[in-house]
Amino acid sequence: MSVPSVAKTDRRNFLKYIGTAAAGVAVGVAADRYSWIPSSPAILTQTTRTERVTDTITETTTKTPSCSPSLRAAAEARGLLIGSAADENSLRYAPFGTTLAREFNFLTPEWEMKWIFITQRGYEAADTLVKFASNHQMKVKGHTLIWARGFDPRLEGTRLPDYVNENTSVADFRRAIQEHIHTLVGRYRGKVYAWDVVNEAVDDIEGLRKSLFLDKLGEGFIAEAFQLAHEADPDALLIYNDYGAEGMGGKSDRVYTLVKKLVADNVPIHGVGLQMHINATGYPTAEHVAANVRRLAALGLKVNISEMDVRIRDVPGDTQQKLEVQRQVYRDIVSACVKVKGFMAATFWGFTDAHSWVDSFYGPDDPLLLDEYYKPKPAYWGVMEALLSG
Ligand code: XIL
């Protein structure tokens, strides 16, 4: 990797912090996000991470600093949901689950409820996440019934199941969507609090994004999806979710116009999610985000930040400076949102830099609230400050 990620270059402080022996164990495990259950020799010999992974990892890393009060406590004190994406695989690593339940009261399965995942792997992983949430008094946001973008090889989950393709008749396509939504939403009726019903349907330049959904069913596919979800669980909060529509501008105007029309047409839509995958070198101002949240809330919709992360790789300066900028971005945006009536939840797309989609999609970075060893970063305290702000 040409540009080393921030926390990953700053091992020395951490070693001092937790003690060399303990860090040795943690580094070995944190190195490989997907092999908590040892061991991945390729990764262990790749860098300085030569330490052995041992069974003591769980015991050792659960002694990493605890945070009091937690983000969860701070959010609950003001009646907000505070969330994180989580994948079922990471739950096998005890510190991941412990931290998730301590800091958050809202859980979004990272991809276990996406159509292709369910088709290929069934419901077991999603069931595990839903059960985990219920065991820890967390609410669940289902994500996502319709991901209305074309296949992107960088994004697992954008592929559609083989049985829906260009050659599928409109009637069969409609039937497949109906069965998918009815089955998935029906299975978790009463257990999933809110659903991202349609994700990323609005185009970056104009109109709706080109997709099989648009090709086959026309613009009405969005309203149809909401209707189907409502039939399967009349009590679930149904959300339209998108990226690049956080502040003010062309795309957020298009999202606003879309949901306004859905509301006017009595489509059962109850909320809007602003993904908030942003880069600290250029992002919508807190004022614009607040104005956008206000106009969406004025439609009677609940608004949530649904997938926040803040990239800092290209921020000038040393590690400390990057982390400080990141803290301010998190603080300013979350604090602007929580002040608006109708804002219901802030969800981050993961919480530890040990596991973020950003590394593979945008390149190595440290976009989340806790570092790869589960230690709160300045960003964590930025969000805390926002939650405690007046
Ligand atoms: C990403 C997940 O984080 C990855 O694990 C998966 O491979 C691809 O999808 N916007 C979304 C999320 O709505 O579903 C995406 O999640 C990130 C971008």
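Me: How far is an oxygen atom of the ligand from an N or O atom in the side chain of Gln275?
Reply: This is a predicted model, in which local features need pLDDT of at least 70 and side-chain atom pairs count only at pLDDT 80 or more, while totals for chains, interfaces and linings use all residues. Residues are numbered from 1 along each chain as its sequence is written, and side-chain values use heavy atoms, leaving out hydrogens and water. With Gln275, the pair makes a polar contact (N or O atoms within 3.5 Å), and its distance is 3.4 Å.

Me: Which side chain has a polar atom 2.7 Å from an oxygen atom of the ligand?
Reply: In the side chain of Glu307, an N or O atom lies 2.8 Å from an oxygen atom of the ligand. The distance of 2.7 Å belongs to a polar side-chain atom of His143.

Me: How much of the ligand's accessible area does the protein cover?
Reply: On its own, the ligand has 410 Å² of accessible area, computed by the Shrake-Rupley method with a 1.4 Å probe. Of this area, the protein covers 94%.

Me: Where on helix 9 do the buried residues fall?
Reply: Helix 9, a DSSP run (H or I, at least four residues), spans residues 124-135, and its buried residues (under 20% relative accessible area) are Ala125, Ala126, Leu129, Val130, Phe132 and Ala133. Seen down the helix axis, they fall within an arc of 155°, judged by the directions from the axis to the C-beta atoms. On the other side, Glu124 and Lys131 are exposed, that is, over 50%. The buried residues of helix 9 therefore line one face.

Definitions and conventions:
A polar contact is a pair of N or O atoms within 3.5 Å; within protein, one must be able to donate a hydrogen and the other to accept it, and residues adjacent in sequence count only if both atoms are side-chain atoms. Helices (H or I, at least four residues) and strands (E, at least two) are DSSP runs, numbered from the N terminus. The expected span of a helix is 1.5 Å times one less than its number of residues. Buried means under 20% relative accessible area, exposed over 50%, partly exposed in between (1.4 Å probe, protein chains only).
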